[in-house]
Amino acid sequence: MDSRKKENFSQDSNLISRGDPQTFFRMKLSTVFLRIVYPGVLTAFLTKYDFEAAKKHVWDLGYRVSKYVFNYFKTKSNEFEKIIDEIGEKVWGTKFKIQFNKERSVYLVSPKTCPLCEDMPPLDMKGLHNCFPFEGFLIGYFELLKAHNLFDYKEMSVKVLQSKGSGADKCLYEVKIVI
Amino acid sequence: MASEKLSGFKKGMAGLGKRLAFRMMKKTSFLLIADLCNVVIDKFSDIYGSRSAGIKRYADIIREESIGVTSDIVETPILFGISLKSFLSTNLKDLTFIIELVFYTVLGEKWSYFVTKPEYIPAQLSGKKLPQYILRIVHCPFCLNITKEKEDESTLESGVTHGTWFAKLIEGIMQGLMDYIGLEYRVNGEETQCFMNGYDYGELVYTLYPKEK
């Protein structure tokens with residue numbers, strides 16, 4: 001028996017005393033912290049897998065995070081642009097500039113600051129960006145909005161076009177949504 | 001070069017600097033990043049074959065990264081061009097103040113909702129007869145939504161807890177500071193108590209071992 005583990009203890013009995021999700025959600029953390037917990041993970045994926053598989057794992061980080069976030073944060077609006085605004089402000093901790101490109105019927109979304117790129121070592125790898133998990137995050141989060149009848153759409157795709165972490169002057173995402 | 005002991009004046013300056021530094025830094029939600037860390041553990045558990053292996057692999061990566069990042073942070077100006085290195089000292093007791101400074105700089109004034117200021121145990125008073133620091137986690141964003149269904153603590157290897165990676169993160173920061181100051185210690189940290197093992201708070205214990213020549 002490991003001395004660190006109490007006997008006859010029900011593991012979930014103290015879930016409430018572990019902390020208030022809303023308090024932690026509102027607490028702000030410097031993005032410097034991400035320099036410790038994130039770049040080494042990208043390296044681990046790239047070392048263990050070929051490039052395409054590693055990309056899928058990085059994308060999946062964001063996709064899976066959306067499932068956690070949805071447990072304690074649900075957007076209030078039912079308009080696409082306002083939902084993106086809310087995600088930017090409340091979750092990502094930044095403001096998004098959103099423009100609709102009529103020719104291509106896509107939204108171009110650009111964060112004022114990007115938590116996954118600011119303060120990070122540069123990532124010079126064609127086709128992979130520090131903020132690549134954001135693609136997965138948006139897809140995952142909108143799937144949940146749809147599943148919970150909070151926002152309906154037929155199709156959605158997200159693509160990171162460029163990122164600060166890869167040398168661009170700003171991060172830019174292309175979001176296509178068919179309602 | 002680090003001073004032998006931090007003066008009250010320097011501590012006052014650091015108190016002002018930490019507020020400005022936090023205000024100037026780019027920030028995001030703490031819980032979002034905690035979730036990201038939990039997702040990494042989920043994925044590493046799949047990749048490396050077990051929950052224990054996933055946590056240990058992440059802990060190894062984090063420790064190395066935090067040593068490197070700490071030396072960068074120490075040199076970053078936080079107040080009128082003055083960097084954290086001006087507030088370092090070779091007095092082991094002062095490390096509690098420096099760790100508190102780091103927590104404030106990274107999390108702002110609400111940091112104490114998460115952890116307490118570390119307690120310094122001089123060698124003569126510690127059970128191992130080595131200098132130690134004890135840090136308590138009073139609320140934990142890393143395990144607040146981890147149920148037994150998701151991670152059964154009874155199945156983890158002896159010596160591994162959900163917070164092992166965070167213990168190693170702080171260990172890396174402390175090791176980075178020791179190396180920067182030039183103190184010849186090897187820091188070893190472990191999570192001795194975890195909410196998920198039935199305790200009312202988490203506890204991290206850091207022991208300073210003299211480096212072997």
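Ala, Val, Leu, Ile, Met, Phe, Trp, Tyr, Cys and Pro count as nonpolar, Asp, Glu, Lys and Arg as charged, and the others, Gly among them, as polar. The close-ups below show a predicted model.

**View 1. The second largest cavity, lined by residues of chains A and B.** About 100 Å³ of space lies inside the second largest cavity. From chain A, the lining includes A:Leu34, A:Tyr38, A:Gly62, A:Val65, A:Trp92, A:Pro115, A:Leu116, A:Pro133 and A:Phe137. From chain B come B:Leu32, B:Ile33 and B:Leu36. Helices H4 and H6 of chain A and H2 of chain B each give two or more residues to the lining of the second largest cavity. H2(B) supplies the largest share, three residues. By class, the lining has eleven nonpolar residues, one polar and no charged.

**View 2. The largest cavity and its lining.** The structure holds five cavities of 30 Å³ or more. The largest cavity encloses about 200 Å³. Its lining numbers 19 residues, and A:Phe33, B:Val102, B:Val106, B:Leu169 and B:Ile173 are the closest to the centre. At least two lining residues come from each of these helices: H2 of chain A, and H3, H4 (94-107) and H5 (164-181) of chain B. H5(B) gives the most, with five residues. Which classes make up the lining of the largest cavity? There are 18 nonpolar residues, one polar and no charged.

**View 3. The largest nonpolar core and one of its members, B:Leu169.** The largest nonpolar core has 125 residues. A:Val37, A:Phe142, A:Met156, B:Tyr58, B:Trp165 and B:Leu169 touch the most other members. Helix H2 (residues 30-48) of chain B gives the largest share of this core, twelve residues. Zoom in on B:Leu169. Neighbours within four places in sequence aside, B:Leu169 is in contact with A:Phe33, A:Ile36 and A:Val37 from chain A. From chain B, B:Leu169 is in contact with B:Ile62 and B:Ser66. B:Leu169 is also among the residues closest to the centre of the largest cavity.

**View 4. The largest pocket, with residues of both chains in its lining.** The largest pocket holds about 240 Å³ of space. Eleven residues line the largest pocket. Closest to its centre are A:Val32, A:Asp119, B:Met25, B:Thr76 and B:Pro77. Helix H2 (32-37) of chain A, helix H1 (8-24) of chain B and strand S2 (77-79) of chain B each supply at least two lining residues. Seven residues of this lining are nonpolar, one is polar and three are charged.

**View 5. Helix H4 of chain A, end to end.** H4(A) runs over residues 51-70, 20 residues in total. How far apart should its ends be? At 1.5 Å a residue the helix should span 28 Å, and its end C-alpha atoms are 29 Å apart, which agrees. The buried residues of H4(A) include A:Ala54, A:Val58, A:Leu61, A:Val65 and A:Val69. A:Lys55, A:His57 and A:Asp60 are also among them. These buried residues pack against H3 (39-48), H5 (80-92) and H6 (133-147) of chain A, and against H2 of chain B.

**View 6. A:Phe134 in helix H6 of chain A.** Is A:Phe134 buried or exposed? A:Phe134 counts as buried because its relative accessibility is 1%, under the 20% limit. Residues up to four places away in sequence aside, A:Phe134 touches A:Trp92, A:Phe96 and A:Tyr173. A:Asp20 is 114 residues from A:Phe134 in sequence, and their C-alpha atoms are 25 Å apart.

**View 7. A:Glu174 in strand S5 of chain A.** Strand S5 covers residues 172-178. A:Glu174 is buried, with a relative accessible area of 14%. Beyond its neighbours within four places in sequence, A:Glu174 is in contact with A:Arg104, A:Val106, A:Tyr107 and A:Leu108. Its contacts also include A:Ser157, A:Val158, A:Lys159 and A:Leu161. A:Val109 lies 65 residues away along the chain, yet the C-alpha atoms of A:Glu174 and A:Val109 are separated by 6.3 Å.

**View 8. B:Arg51 in helix H3 of chain B.** This helix spans residues 51-75. B:Arg51 has 16% relative accessibility and counts as buried. Neighbours within four places in sequence aside, B:Arg51 is in contact with B:Ile41, B:Asp42, B:Ser45, B:Glu151, B:Leu156 and B:His162.

Methods: Residues numbered from 1 in each chain as written. Chains lettered and ligands numbered in written order. Predicted model: local features only at pLDDT ≥ 70, side-chain atom pairs only at ≥ 80, totals over all residues. Heavy atoms only, no water. Core = buried A, V, L, I, M, F, W, Y, C linked by side-chain atoms within 4.5 Å. Buried < 20%, exposed > 50% of the residue type's maximum accessible area, 1.4 Å probe, protein only. Helix = DSSP H or I, 4+ residues; strand = E, 2+ residues; numbered from the N terminus. Contact = heavy atoms within 4.5 Å. 1 Å grid on protein atoms, 1.4 Å probe; cavity = no way out; pocket = protein on both sides within 12 Å on 5 of 7 lines; lining within 4 Å. Points joined across faces, edges and corners; volume = space filled by probe spheres on them. Expected span 1.5 Å × (residues − 1).
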